[in-house]
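Please explain how this structure is put together, starting from what a contact is and moving on to the cores and one of the helices.

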Amino acid sequence: MLFDLVRPAIFALDPERAHRLTVAALKLVAGHAPATHGPLATTVAGLQFPNPVGLAAGFDKNGEVPDALLALGFGFAEVGSVTPRPQAGNPAPRLFRLVEDRAVINRMGFNNQGGEAVARRLEARRARPGIVGANIGANKDSPDRIVDYAQLTRLMAPLASYLAVNISSPNTPGLRALQDEGALTGLLDAVLEARAEVCGEAGPPIFLKVAPDLEPADVDAIARIAIDRDLAALIVSNTTIARPALRSRHGGEAGGLSGAPLRDLALQRLRDFRSATGGAIPLIGVGGIASAEDAWVRIRAGASLVQLYSALVYHGPGLARRMVRDLERLMLRDGFATIADAVGSE
């Protein structure tokens with residue numbers, strides 16, 4: 001109710017300014033307890049999640065408020081994307097609300113304070129409970145992006161619950177080319193080698209975040225490589241460069257589209273990866289998830305976990321707790337004892 005009252009004032013602000021104010025406000029609740037394990041608890045990649053609803057990368061780019069986000073009821077939070085060196089990102093305006101479409105377009109360009117700053121914050125919270133992953137990327141002007149990912153792996157692997165290798169943002173030119181079979185093999189080998197250097201056999205699981213704009217051959221190749229390299233999970237998917245019919249005046253802006261118009265495409269891509277992997281690797285469903293019903297469809301289509309971000313813009317900070325409550329009801333309604341039992345059951 002409070003969010004409904006203040007939303008007009010928030011929407012009157014520039015989206016990026018509103019986001020900065022939201023992060024500042026969340027710092028006031030950082031001391032609250034994270035979500036506790038309950039009926040929706042599930043184990044993925046050796047990690048015990050109190051519930052399957054996570055916050056996707058992009059909200060807490062600099063690792064400033066992961067514990068506050070966990071206190072909102074999320075089962076896990078993902079900080080970043082972070083690059084080795086600080087990066088200003090693309091020129092503003094670069095973030096747009098598409099209110100009529102319940103969507104967002106962003107062309108932020110991996111703006112962040114750099115790996116060292118984020119690492120210091122993750123180091124400071126290491127003793128606290130809760131699953132906090134680090135989403136890693138490459139600097140726009142890097143002469144060797146694979147070196148960037150390896151460098152960040154060495155920095156973040158001792159500090160994060162898991163690493164998400166982001167090769168699917170549409171806002172860093174050429175980044176999505178790393179999804180090509182040859183490039184992806186070299187990248188993952190470098191990341192796995194870097195993790196072994198600093199963590200030995202006890203390193204955090206490695207997730208790979210992929211785009212929704214993939215051809216069937218791309219899906220098959222990525223699935224095969226992920227299984228061959230024993231990755232812990234695939235995050236399906238990032239924002240889309242496609243443009244379905246949109247009503248908002250911002251619909252023609254360049255950048256990645258997220259929110260409700262991405263839902264069907266992201267769901268289909270999840271089903272494609274479920275088919276391509278045969279359930280051999282956990283999947284994390286992302287894109288257009290705004291309710292427990294959306295999350296439940298994604299879980300039954302093959303997602304072991306789900307993530308959201310854009311839905312917070314329209315539904316407010318109480319969304320995670322509502323989804324967890326309603327997911328438990330849906331799980332019981334359909335006769336499943338655990339989330340794991342429901343994965344891929346459609």
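Two residues are in contact when heavy atoms of one lie within 4.5 Å of heavy atoms of the other. The model is predicted, and Leu208 is a useful place to enter it. Leaving aside neighbours within four places in sequence, Leu208 is in contact with Val165, Ile167, Leu184, Leu188, Ile222, Leu231, Ala233, Leu234 and Ile235.

Leu208 belongs to the largest nonpolar core, which has 79 residues. The members that touch the most others are Leu208 itself, Tyr149, Met156, Val165, Leu234, Phe273 and Trp296. Helix H11, residues 319–333, supplies the largest share of this core, with 7 residues. There is also a second, separate core of 15 residues, and Val44, Phe49, Phe76 and Ala233 are among them. In soluble globular proteins, nonpolar side chains tend to be buried together.

Two of the contacts of Leu208, Leu184 and Leu188, are buried residues of helix H6. This helix runs over residues 181–199, and its 19 residues reach 27 Å from the first C-alpha to the last, close to the 27 Å expected at 1.5 Å a residue. Also buried in H6 are Leu187, Ala190, Val191, Leu192, Ala194 and Cys199. An α-helix has 3.6 residues a turn, so residues three or four places apart point the same way. The buried residues of H6 pack against helices H5 (145–156) and H7 (216–228) and against strands E8 (163–166) and E9 (206–210). Just after H6, Gly200 takes a positive phi of about 60°.

An unreviewed UniProt entry annotates residues 40–331 as "domain: Dihydroorotate dehydrogenase catalytic". The end C-alpha atoms of that span lie 9 Å apart, and the span is 35% helix and 20% strand.

Notes:
Residues numbered from 1 in each chain as written. Predicted model: local features only at pLDDT ≥ 70, side-chain atom pairs only at ≥ 80, totals over all residues. Heavy atoms only, no water. Core = buried A, V, L, I, M, F, W, Y, C linked by side-chain atoms within 4.5 Å. Buried < 20%, exposed > 50% of the residue type's maximum accessible area, 1.4 Å probe, protein only. Helix = DSSP H or I, 4+ residues; strand = E, 2+ residues; numbered from the N terminus. UniProt positions renumbered as here; feature names shortened; annotations may be inferred. Expected span 1.5 Å × (residues − 1).
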